Amino acid sequence: MIALGKYNTLKILRDTSVGLFLGDTEGTEILLPNKYVPKNYEIEDEINVFCYLDHEERPVATTLKPYIKRDNFALLKVAEVNNYGAFMDWGLEKHLLVPFREQRSRMIEGQWYVVFCYLDEESFRLVASNKLDKFLSNDQISLKPSEEVALLATRQTDLGWEMIINEMHKGLVYKNEVFKKIAVGDKMTGFIKTLRPDGKIDLSLQPLGYSSLEPAANTIYEKLKASGGFLDLHDKSDPVQIKEVLEMSKKTFKKGIGALYRERKIEIKEDGIYLN
């Protein structure tokens with residue numbers, strides 16, 4: 001069965017005046033319009049294409065690469081707003097609709113939003129939603145403390161940054177533990193800090209415990225090399241200064257320079273740290 005909103009590997013069945021007709025193993029066919037037909041091909045060749053509905057709501061294939069796939073989250077820009085809702089630029093000719101009922105607040109043309117793409121069961125159309133919590137669940141969590149996870153930043157609150165974890169769960173990085181600039185839609189690696197009894201997940205953007213020593217030491221070491229072998233930072237430096245220069249907490253910085261000092265890679269003096 002050809003899956004709309006996803007990539008499909010299909011067989012080239014025949015060449016026509018409007019393009020190639022492709023088919024799956026179940027006998028379903030779909031058109032690949034002429035503008036997407038590769039220069040070299042043979043009948044019976046297999047081709048990987050993205051399938052969706054065109055402007056006339058007909059299933060169609062394309063070799064363009066969309067910015068989002070069905071059942072995934074992504075940061076998209078609003079190309080147009082009309083009486084039906086907001087239409088997002090997702091890299092294809094036909095824009096992706098976010099109906100008004102699926103907007104957390106009224107979307108504005110030209111602004112960027114994190115959305116979830118799904119197949120609407122009533123209309124059988126691909127649409128998107130900005131009401132992200134509907135598509136996330138912390139009911140069944142197989143994660144473990146200190147586990148490395150993929151994060152997508154969705155919203156900044158008074159507590160910190162809300163994150164989507166592995167396209168499945170919702171977590172939070174507290175604002176006093178953020179040591180670098182973050183924008184909505186940023187993707188990054190994080191770590192599970194705490195799995196709370198109420199189902200909430202606390203996150204860290206840095207490795208936890210002993211495992212954080214090596215990355216911190218490497219960051220400081222590379223920054224030293226890029227700065228000519230000197231940084232005017234030491235164990236009495238202001239935490240804000242450390243955060244601005246190295247994007248890490250003072251506690252992590254002290255662990256990092258301690259590791260470098262034990263390896264005799266640096267000297268620690270009153271005015272800062274020096275490469276040996």
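A polar contact is a pair of N or O atoms within 3.5 Å; within protein, one of them must be able to donate a hydrogen and the other to accept it. The model on screen is predicted, and the tour begins at a residue that makes such a contact.

**Stop 1: glutamine 206**

Select glutamine 206, in the loop that connects β15 (201-204) with α1 (213-226). Show its side chain together with that of threonine 252: a polar contact of 3.1 Å joins the two. Is glutamine 206 buried or exposed? Its relative accessibility is 17%, so glutamine 206 counts as buried, the cut-off being under 20%. Now display what surrounds glutamine 206. Setting aside neighbours within four places in sequence, its contacts are Phe179, Phe191, Glu247, Met248, Ser249 and Thr252.

**Stop 2: the two ends of α2**

One of those contacts of glutamine 206, Glu247, leads to the next selection. Glutamate 247 follows α2 and has a positive phi, near 55°. Go to the other end of the helix, which spans residues 239-246, and select aspartate 238. This residue caps the N-terminal end of α2, with a side-chain oxygen 2.8 Å from the backbone nitrogen of valine 240.

**Stop 3: strand β1 and its partners**

Colour β1, residues 7-15. Which strands does β1 pair with? One is β4, antiparallel to β1 and joined to it by 5 bridges. Another is β2 (residues 19-23), also antiparallel, with 4 bridges. β1 and β2 make a hairpin, and 3 residues lie between them. Lysine 11 is a useful marker here: on the β4 side it stands opposite glutamate 46, and on the β2 side opposite glycine 23.

**Stop 4: the largest pocket**

Keep β4 (46-53) coloured and add β8 (96-99) and β10 (126-129); each of these strands supplies at least two residues to the lining of the largest pocket. β8 gives the most, with 3 residues. The pocket has a volume of about 420 Å³. To find its centre, select Glu57, Phe87, Lys94, Leu97 and Arg125, which lie nearest to it among the 19 lining residues. What is the make-up of the lining? It divides into 10 nonpolar, 3 polar and 6 charged residues.

**Stop 5: tyrosine 113**

Move to β9 (residues 112-119) and select tyrosine 113. With a relative accessible area of 15%, tyrosine 113 is buried. Beyond residues up to four places away in sequence, tyrosine 113 touches Ala74, Leu75, Leu76, Val78, Met88, Arg106, Met107, Ile108 and Asn130. Zoom in on isoleucine 108: its backbone nitrogen lies 2.9 Å from a polar atom of the tyrosine 113 side chain. For a sense of scale, draw a distance from the C-alpha of tyrosine 113 to that of proline 145; the two residues are 32 apart along the chain, and the separation is 30 Å.

**Stop 6: the cavity**

The last stop is an enclosed space. How many cavities of 30 Å³ or more does a search of the whole structure find? The search finds 1. The volume of the largest cavity is about 50 Å³. Show Arg104, Leu132, Asp133, Leu136, Thr154, Glu162, Met163, Ile164 and Lys170 as sticks to see its lining. Strand β12 (residues 160-165) contributes the most to this lining, with 3 residues. By type, the lining residues are 4 nonpolar, 1 polar and 4 charged.

Technical notes: Residues are numbered from 1 along each chain as its sequence is written. This is a predicted model: local features need pLDDT of at least 70, side-chain atom pairs count only at pLDDT 80 or more; totals for chains, interfaces and linings use all residues. Side-chain values use heavy atoms; hydrogens and water are left out. On a 1 Å grid over the protein atoms alone, a cavity is a set of points where a 1.4 Å probe fits but cannot get out, and a pocket is an open set with protein on both sides within 12 Å along at least five of seven lines; lining residues have an atom within 4 Å of a point. Grid points are joined across faces, edges and corners, and a volume is the space filled by probe spheres set on the points. Ala, Val, Leu, Ile, Met, Phe, Trp, Tyr, Cys and Pro count as nonpolar, Asp, Glu, Lys and Arg as charged, and the others, Gly among them, as polar. Buried means under 20% relative accessible area, exposed over 50%, partly exposed in between (1.4 Å probe, protein chains only). Contact means heavy atoms within 4.5 Å. Two strands pair if DSSP finds at least two bridges between them.
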